Structure formats: structure tokens, C-alpha cells
Amino acid sequence: MRRRLALLGLALAATVVLGMALGSVRLPLGDVLAALTGADEVSRVTATIVWQIRLPRVLTAMLAGGALALAGAELQTLFRNPLADPYILGVSSGASLGVALVVLTAGSGAGALLTSGLGLSGDLMITVASSLGAALVLGIVLIAGRYAGSVVTLLLLGVMVGYLVSAGVNVLLASAAPELIAAYTRWRFGSFQGVTWGNLRIMAPVLVCFMLVVLAQAKTLNALLLGERYAATMGMHVVRARTAIVATSSVLAGVVTAFCGPIQFLGIAVPHLARGVMGTSNHRAVLPACVLIGATMAVLADVLAGLPGDGLLPLNAVTAMFGAPVVIWILLRRHRELLR
């Protein structure tokens, strides 16, 4: 297990170096390393690109990818559903509604929140609203799931709740100012490039703290692999465990959505890749692998999104290229289980 995690760590390190070097301006690896170490011979332009543009973007991608992967792993175990993730179950839609309520109803001054970086109060407001929206939707799906006869019904419930929430967002868009509509539409494409050091002062501590909480829940998630009844016979307080999973996954998905937009497919694809790479469903191995693979895929997706030179590719278009084949593979291989 340690050897495989070490290899995943090396892959992440290589991808990070690639992300620091590639972009609208390609930098030699030597210049990147010199800028990171503070060497005197590096030009001011190169140092600015590395420290003010590339490094915050790469750190954001790493945090977002790891957080969404952990949230997806939690939800797949809780619902015992291989297709559960924050986006498909409508959690990202709920987070988007929270952001829309803050941005689209706060007046024209709120448009800057999505285009030029957030102030401290703006960060906190959008983060809280996004997390609450995510928690609300996931709570509704969780309650409805108690009465669902199959995992297919549960998925449809999540999709329908997501549609209802999206309808609320569309109502807000219909009465919003054109500049706010344009800013919100760009935000929905997903991007790691708009996050600044000021944003990371809010985003990073929250995500790191809750990711550590999820990693500490490996034993609980292992008990839930065989269902809540089995976990209860093992002495687990099921309601408390379910509440903790709902809270942590909502905050992780909500915070990432607030700062980066609704990122698709990472939450559903990465946990399956982690189980395949580690060769086990034991969360003591799967969860760290989710962090490493999720971070690697997010950084790589960001690099591919910037290949045209001006960052014109929507991030979600790139993550779909990774995630959609994984979902298709799940559907083809596990169709009998999904129809139960």
C-alpha cells in the first residue's frame, strides 16, 4: 500500500511541476524552480507568473480535486451507490443556488466577487451560503433515500432535486443584471484560475481541516461498506455517523463550488480509480489515494484547459473527458447491481 501511495505521490509531484511550467506563457523548468527557491537571476516577470498566478492555481486545483474525491468516496459508501457524487446527487446544484442567492441578489457590486477576487467578508459569505445550499440538498436526498426502493430511484431523486434547485437559479438569473448573468455563467464553467492568495487564506484551511476529518473517518466508512444495519451491530452510532458524513461532504463540495464553480466528474470517477489502483475497498488505503489521484487529475485538467493559450476551454469540458469514460465503464460493468 505504501509503495502505491508513494508512486501516486510522485505522479502528483510531476503533474504539479507540469502545471507550474505550462500555461499561456511556457516557462523552462529551471526558471520555475529558481523562482520557487527565490534565486536572484530570475526575472521579475517570471517570479510574478510563478508566485502570483501559477502557484495559487495549482494549489487550488490540488485542494479542489482532493476534496471532491473524498466527498465522492464518502457519498458512494453512505448510499452504497457507485454513481453517487456531489454533482449527480444535486449537492453541487445546491451549492450553486447558495452562491446565486448571494451574488445575483446582492446588487451590481457583487459581480466583482466572481471576476476579480473576493474580500474576506465576501469569501465567508459565499462559502457559508454554498455549504448550506449543499447541505440542504444532500439532506433532502438523504431523507428521501430512506424510502427509495432501489439505487436507481435514489439517483433519480437526486437528479430531480438538482433540477428543482437549478430552476430556482434560473428564476434568479431571469431578474439579474446582464453583467451578473455573464459573470455567473462563466463561474458555472468551472475554473481554478480565478483563485488568489487572499481566497486561499479562507479556502485552504477549511478544506484541509475537513479533509483531515474525512481521513479520520476511515473506520466508520469501512463499517458502512456492508450497510447501516451491520454498522449498528458493530456498536456504531449510525445517525451520528451519517450526520458527520453529510456535514463533511457538504462543506467540501460547497467550499470548492464557491471558489471554483461546480466541478463535474471528479467526485464520481476518482474514488473508483483509487479502489482500482489500491486493489481494495479499505478506506484506510482508498481515502489517501483519493486525495492524491484527485489532486493529480485536477491539476492535469487545469493544464489541458489552458493549452489553447488563453484558458478558453471550460474546465468541466476537460474533466468530462476523464470522468465520462469511468462512468460508462461503471454502467457497463455493474448494470445488474444498479437495477436492483
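**Exercise 1. Place L101 and decide whether it is buried, partly exposed or exposed.**

Start with the address: in this predicted model, L101 sits in helix α4. Next, take its relative accessibility, which is 44%. Buried would need a value under 20%, and exposed a value over 50%. L101 therefore counts as partly exposed. To finish, look along the chain and then through space: V169 is 68 residues away from L101 in sequence, yet the two C-alpha atoms are 8.0 Å apart.

**Exercise 2. Work out how α4 and α7 are oriented, and list which residues make the contact.**

Get the two helices in view: α4 covers residues 91–103 and α7 covers residues 178–188. Their axes come within 11 Å and cross at roughly 155°. Angles over 145 degrees count as roughly antiparallel, so α4 is roughly antiparallel to α7. On the α4 side, the contact uses S96, V99, A100 and V103. From α7 come L180, Y184 and W187. Sort these by class and you get 6 nonpolar residues, 1 polar and no charged ones. As for handedness, α4 passes α7 in a right-handed crossing.

**Exercise 3. Do the same for α13 and α14: what is their orientation, and what is the class make-up of the contact?**

Here α13 spans residues 283–305 and α14 spans residues 315–333. The axes come within 9 Å, with a crossing angle of roughly 125°. That angle falls outside the parallel, antiparallel and perpendicular ranges, so α13 and α14 are oblique to each other. α13 brings M297, L300, A301, D302, L304 and A305 to the contact, while α14 brings L315, V318, T319 and F322. By class, that is 8 nonpolar, 1 polar and 1 charged. The crossing of α13 past α14 is right-handed.

**Exercise 4. Find out which residues L68 touches beyond its sequence neighbours.**

Locate L68 first: helix α3, residues 44–79. Its relative accessible area is 4%, so L68 is buried. Now skip anything within four places in sequence; the contacts that remain are A253, V256, I263, L266 and G267. Take V256 as the example: L68 and V256 are 188 residues apart in sequence, but 7.7 Å apart from C-alpha to C-alpha.

**Exercise 5. Is R275 buried or exposed, and what does R275 contact?**

R275 belongs to helix α12, which runs over residues 266–278. With a relative accessible area of 18%, R275 is under the 20% cut-off and therefore buried. Leaving out neighbours within four places, R275 is in contact with A73, Q76, T77, T280, S281 and V286.

**Exercise 6. How many disulfides are there, and how do C209 and C260 differ in burial?**

For a pair to count, the cysteine sulfur atoms must lie within 2.5 Å. By that rule the count is 0 disulfides. Then check accessibility: C209 has a relative accessible area of 46% and is partly exposed, whereas C260, at 1%, is buried.

**Exercise 7. Zoom out: how many helices and strands does the protein have, and what share of its residues is buried?**

Count the elements and you arrive at 15 helices and 0 strands. Of the 340 residues, 51% count as buried. Finally, consider contacts with a sequence separation of 6 or more: residues 24 or more positions apart account for 80% of them.

Definitions and conventions: Residues numbered from 1 in each chain as written. Predicted model: local features only at pLDDT ≥ 70, side-chain atom pairs only at ≥ 80, totals over all residues. Heavy atoms only, no water. Axes fitted to C-alpha atoms, helices over the stretch in contact; angles between N-to-C directions. Helix = DSSP H or I, 4+ residues; strand = E, 2+ residues; numbered from the N terminus. Parallel < 35°, antiparallel > 145°, perpendicular 65-115°, else oblique. Left-handed = near helix turned anticlockwise from the far one by under 90°. Contact = heavy atoms within 4.5 Å. Nonpolar A, V, L, I, M, F, W, Y, C, P; charged D, E, K, R; others polar. Buried < 20%, exposed > 50% of the residue type's maximum accessible area, 1.4 Å probe, protein only.
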